[in-house]
Amino acid sequence: MASRPNILKIVKYYCLLNAELDRQGRPLSEWKRSSLKRMIAYNLYKRLVSHAKLRAALLSRRRIRRWHVRPIFRDRKLYGAWFTLIPIMRQSDPEEFYRFLRMTPACFDWLLSKVQPYIQKKSNRVSVSAGERLAVTLRCLASGGSQTSLSYLFRLSNQAISKIVTETTAAIWYKFPMRGSEFYNYKGTHSIILFAVADAKYKFIVGDAGARGREGDSGVFSRSDFGKLFLDQKLALPPSVYNHTLKCYLPYVFVGDGAFPLNEHLLKPYEPGKKNATWLH
């Protein structure tokens, strides 16, 4: 049926038409009044039919849910990375396991034991295990890939991937809060030290992270595996190259900031007033 405002509007126009014709001295005859009423009723009927057809068409266009779970996600235990790829790498190729999750199997198990109580879901339906949730999150952080690529890899929906990553990262963050003044630096904030080496193409080839922010950079560098190899001259660096402009042999060098010690293969910015800087100059 038509809404009440539409009916009132039609009646109003009919009354206005009668009043205007009466004012002009040309009142409608009974036959014309009946004809006008029939025409109004017919137009109203046609409008109602048109609106009904339009609503039916719109309802038919609504998306019909074809399945509760997509077929590719139903086979998660047959083709998902957690059930196929990751167990193979864990058992026979730990190096690829580390490249895939940026974590050794032992470290993965340790982290899982810490966060499992917070990310394990309890439901009557079969839920994603805590280990799989952690693997999805680590792969997301390690690769920086899209949720769509993770969805195809682990055979989980985009919505599930988004929820898993959000909940698991939150559990890791709140499970390992800052530990008092252990990581408190001189700038008044908490931090950890990250060392990295990049080649001429800006590609990172060496990384070291985890030292406490309050420690000195030079001390952390000398204790790191890379620092020990560098200071003991065991990095197998290329030999010096003769420079025809300067007419001397020049060694290959790393470029660092003022925290690093000067070395034949390590340069840092010139700092006037310091003995090592004078020697470099």
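Modeller: Rings of Phe, Tyr and Trp (its six-membered ring) are taken as a pair if their centres lie within 6.5 Å, with planes under 30 degrees apart called stacked, over 60 edge-to-face and the rest tilted. The model is predicted, so that local features need pLDDT of at least 70 and side-chain atom pairs count only at pLDDT 80 or more, while totals for chains, interfaces and linings use all residues. Residues are numbered from 1 along each chain as its sequence is written, and side-chain values use heavy atoms, with hydrogens and water left out.

Colleague: By this rule, to how many aromatic pairs does the count come?

Modeller: A pair of aromatic rings is described by the distance of the centres and the angle of the planes. With the ring rule applied to this model, the count of aromatic pairs is 10.

Colleague: Which kind of aromatic pair do Trp82 and Phe108 form, stacked, tilted or edge-to-face?

Modeller: Their centres are 6.1 Å apart and the planes meet at 40°. Trp82 lies in the loop between α4 (76-79) and α5 (85-92), and Phe108 in helix α7 (residues 105-119), so the pair links parts of the chain 26 residues apart, where helices are DSSP runs (H or I, at least four residues) numbered from the N terminus. Because the angle is neither under 30 degrees nor over 60, the pair formed by Trp82 and Phe108 is tilted.

Colleague: Is Phe97, which pairs with Phe108, buried or exposed?

Modeller: The rings of Phe97 and Phe108 pair edge-to-face, at 6.1 Å centre to centre and 85° between the planes. Buried means under 20% relative accessible area, exposed over 50%, and partly exposed in between (1.4 Å probe, protein chains only). Like Phe108, Phe97 is buried.

Notes. Helix = DSSP H or I, 4+ residues; strand = E, 2+ residues; numbered from the N terminus.
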